[in-house]
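Please walk me through this structure, starting from the inside and ending with the parts that call for caution. I am new to reading such models.

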Amino acid sequence: MTDSYASSRNGDVPTNGTPDGVASPAPAVIRKKLTGYVGFANLPNQVHRKSVRKGFQFTAMVVGESGLGKSTLINTLFNTTLYPPKEPLPPAAERPKTVAIESIGADIEENGVRLHLTVVDTPGFGDFVNNDESWRPIVENIESRFDSYLEQENRVNRQKIVDNRVHACLYFIQPTGHSLKQLDIEFMRRLHTKVNLIPVIAKADTMTEEETADFKARILSDIAYHNIHIFQAPTYENEDEETIMEAEEIASKIPFAVVGSDQLVKTPDGREVRGRAYPWGVVEVDNEEHCDFVKLRQMLELREYTNDVLYENWRTEKLLSMGVAQDSSVFKEVNPAARLQEERVLHEAKLAKMEAEMKMVFQQKVQEKEAKLKQSEEELYARHKEMKDALERQRADLEEKKRRIESGRPLTPEKGSSKVRKGFLRA
């Protein structure tokens, strides 16, 4: 878009051979070396400085049964103490009867970049005797955040929009080594179209490497069987091979088998690392040979997919349910190749419809012609039968006359014979 704008400013005209407003079959990109300085080459730096000055907002949701290390992993991910150590409830304490939604916010700054982090916790999930409706409060919370964002978009002044939408949902799976439970499947089915769903195997240090690999395969098989869409890192055009290989490596680790720990422990070789010390050795959180924590941290870049896919789909359904029809082409960047593909699909569909209609008309005319031919055939058969019957009657008459002649009888009775006979009787 910038190249075309710069060329038009220098008096150039498009050379793709198509009039304005018509998508060309092969859109050409006009490349021209500018003699003067325009300044668009500095746009990425401007966007970067503006983003750093404003800071970022990120909202993560953690869901899973109690005791799986959700709070510890969040503290480990963002290297801050969002959740203090929890004290176990006494046996006589009253347990919650429904899934509660709790939000904790914190401002984190790293290398001059500010991040406002919000963590949405769901204590009580999966801890009841009947967990059929455990997912409902979580879905309602996510949709209420979408509603809040949509309300801000509809305001007259939209300069200060607070993005409190959930950008990632870390769903913690018990390290059973078997397969997903019905509660896990039902939760993922209800939420996979509303949030970036990232399955996480909690406390992966309780399983061996072979058990972890088999458990991951079973989980992915269950997810594929139930047609659940988990988050996959997006890929972009013109990316280098290193970035593509890194994205493929991250995708190969899903679901992430993680170990959380915000404590520093000493390794046998004298290093201080974040990890868990056991009698047989130390599990290092930041060591990719021990767990997938590093790959999980690299994957948490989910704002774009949340805004462009999940929120837009929900927004469309919401407006349609309210009776608001919208044109999807408005405020939407048009890809000429995609537009050409859409037009080709529409043209092929139109041709197929015309072909079907022509076949239907042809079959109808053939049926009408066959009906007329059948009617003509029946009329000819009736005339043939009538003529045949007439000829048969004529032949029978001729045969009768022939027999009369051969027997000497007159062909017709004499006129005066009846009178003579009558007179004779009178005498």
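How many of the six residues of β4 are buried, and what follows for the strand? The model shown here is predicted. In it, six of the six residues of β4 are buried, so the strand is largely enclosed by the rest of the structure. The side chains leave β4 in two directions: A168, L170 and F172 point one way, while C169, Y171 and I173 point the other way. Both groups are buried.

Next come the strands that pair with β4. With β1, the pairing is parallel and has four bridges. L170 of β4 is the bridge partner of V62. With β5, the pairing is also parallel, and five bridges join the two strands. Here L170 has I198 of β5 as its bridge partner. Between β4 and β5 the chain passes through α5, and this β-α-β crossover is right-handed.

That leads to helix α5, which covers residues 182–191. Seven of its 10 residues are buried, so this helix, too, is largely enclosed by the rest of the structure. The buried ones are L183, D184, I185, E186, F187, M188 and L191. What do these buried residues pack against? Their partners are three strands, β1 (56–63), β4 (168–173) and β5 (197–201), together with two helices, α4 (136–153) and α6 (209–225).

The same region can be viewed through its nonpolar residues. The largest nonpolar core has 64 residues. Inside it, the residues with the most contacts are I74, I138, L170, F187 and L296. The element that gives the most to this core is β4, with six residues. I138 serves as an example: leaving aside neighbours within four places in sequence, I138 is in contact with M61, V63, V99, I101, T122, F125, F187 and L191. Two of these, F187 and L191, are among the buried residues of α5.

Finally, how confident is the prediction? The chain has an average pLDDT of 76, and 73% of the residues score at least 70. Confidence is highest in α6, with a mean of 91, and lowest in helix α1 (residues 2–9), with a mean of 40. Over residues 1–30 the pLDDT is below 50, and this stretch has 18 contacts in the model beyond near neighbours in sequence. Residues 417–427 also have a pLDDT below 50, but that stretch has zero such contacts. Where pLDDT is low, the predicted coordinates should not be read in detail.

How values were computed:
Residues are numbered from 1 along each chain as its sequence is written. This is a predicted model: local features need pLDDT of at least 70, side-chain atom pairs count only at pLDDT 80 or more; totals for chains, interfaces and linings use all residues. Side-chain values use heavy atoms; hydrogens and water are left out. Buried means under 20% relative accessible area, exposed over 50%, partly exposed in between (1.4 Å probe, protein chains only). Contact means heavy atoms within 4.5 Å. pLDDT is the predictor's confidence in each residue, from 0 to 100. A nonpolar core is a set of buried Ala, Val, Leu, Ile, Met, Phe, Trp, Tyr and Cys residues joined through side-chain atoms within 4.5 Å. Two strands pair if DSSP finds at least two bridges between them. A crossover is right-handed if, with the strands pointing away from the viewer, the path from the first strand over the helix to the second runs clockwise.
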